Amino acid sequence: MYTSNLTALSMVGGLLSQGMNPSAALAFLIAGPTTTLPAMAAVWGITNKRVFACYVSFFGALVVGYLYSVVGASETAQSAEV
């Protein structure tokens with residue numbers, strides 16, 4: 001789903017208040033702007049095909065969301081012990 005930068009924050013804020021996983025929210029915010037054709041055309045023009053394939057596959061957003069989930073889970077567990 002394409003979202004502009006202005007609407008994505010309020011939409012994700014509402015989803016977070018209803019129980020959305022923060023890692024999924026981060027991945028959504030990172031991947032959202034990459035779904036526009038002008039953004040894809042700009043990346044195609046300045047990178048090679050391998051980088052463009054990673055960009056379009058949202059691989060980076062998935063990795064960052066996963067890492068945030070792992071780090072966030074360990075911080076939550078540490079704060080619960082205190």
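**An all-helical chain, element by element**

Confidence comes up front here: across this predicted model, the pLDDT averages 76, and 74% of the residues reach at least 70. That confidence isn't spread evenly over the elements of the chain. Helix α1, covering residues 5–17, has the highest mean pLDDT among them at 84, while helix α5, covering residues 59–81, has the lowest at 69. A general caution applies to such stretches: where pLDDT is low, the predicted coordinates should not be read in detail.

As for the overall layout, the chain contains five helices and zero strands. Read from the N terminus, then, the elements simply go α-α-α-α-α. Burial is on the modest side of the ledger in plain numbers: 18% of the 82 residues count as buried. The chain exposes about 5,800 Å², and 70% of that area is supplied by carbon and sulfur atoms. Turning to contacts, take the pairs of residues at least 6 apart in sequence; 49% of these contacts join residues at least 24 apart.

Helix α2 gets a closer look next. This helix spans residues 22–31 and includes S23. Its buried residues are S23, A25, A27 and A31. Why does S23 count as buried? Its relative accessibility is 7%, which puts S23 under the 20% cut-off for that class. Once neighbours within four places in sequence are set aside, the contacts of S23 are with G65, Y68 and S69. S23 also features at the start of α2, where its backbone nitrogen has a side-chain oxygen of N21 within 2.9 Å.

Two further C-alpha pairs involve residues of α2. One of them joins L26 to Y66: these residues sit 40 apart in sequence, yet their C-alpha atoms are 9.5 Å apart in space. Y66 belongs to helix α5. With a relative accessible area of 58%, Y66 is exposed, because the cut-off for that class is over 50%. The other pair brings in A31, one of the buried residues of α2. A31 and S57 are separated by 26 residues in sequence and by 9.3 Å in space, again C-alpha to C-alpha. S57 is part of helix α4, which runs over residues 49–57. At a relative accessible area of 42%, S57 comes out as partly exposed.

Finally, the aromatics. How many aromatic pairs does a search of the whole structure find? It turns up one. The partners are W44 and F52, in an edge-to-face arrangement with 5.0 Å from centre to centre and 80° between the planes. The 80° angle is over 60 degrees, so the pair of W44 and F52 counts as edge-to-face and not as stacked or tilted. The two rings' residues fall into separate burial classes: F52 is buried at a relative accessible area of 17%, whereas W44, at 48% relative accessibility, is partly exposed. The cut-offs explain the labels, because buried requires under 20% and exposed requires over 50%.

Technical notes: Residues are numbered from 1 along each chain as its sequence is written. Side-chain values use heavy atoms; hydrogens and water are left out. Rings of Phe, Tyr and Trp (its six-membered ring) pair if their centres lie within 6.5 Å; planes under 30 degrees apart count as stacked, over 60 as edge-to-face and the rest as tilted. Buried means under 20% relative accessible area, exposed over 50%, partly exposed in between (1.4 Å probe, protein chains only). Helices (H or I, at least four residues) and strands (E, at least two) are DSSP runs, numbered from the N terminus. Contact means heavy atoms within 4.5 Å. Accessible areas come from the Shrake-Rupley method with a 1.4 Å probe; for residues, only the protein chains shown count as cover. A polar contact is a pair of N or O atoms within 3.5 Å; within protein, one must be able to donate a hydrogen and the other to accept it, and residues adjacent in sequence count only if both atoms are side-chain atoms. pLDDT is the predictor's confidence in each residue, from 0 to 100.
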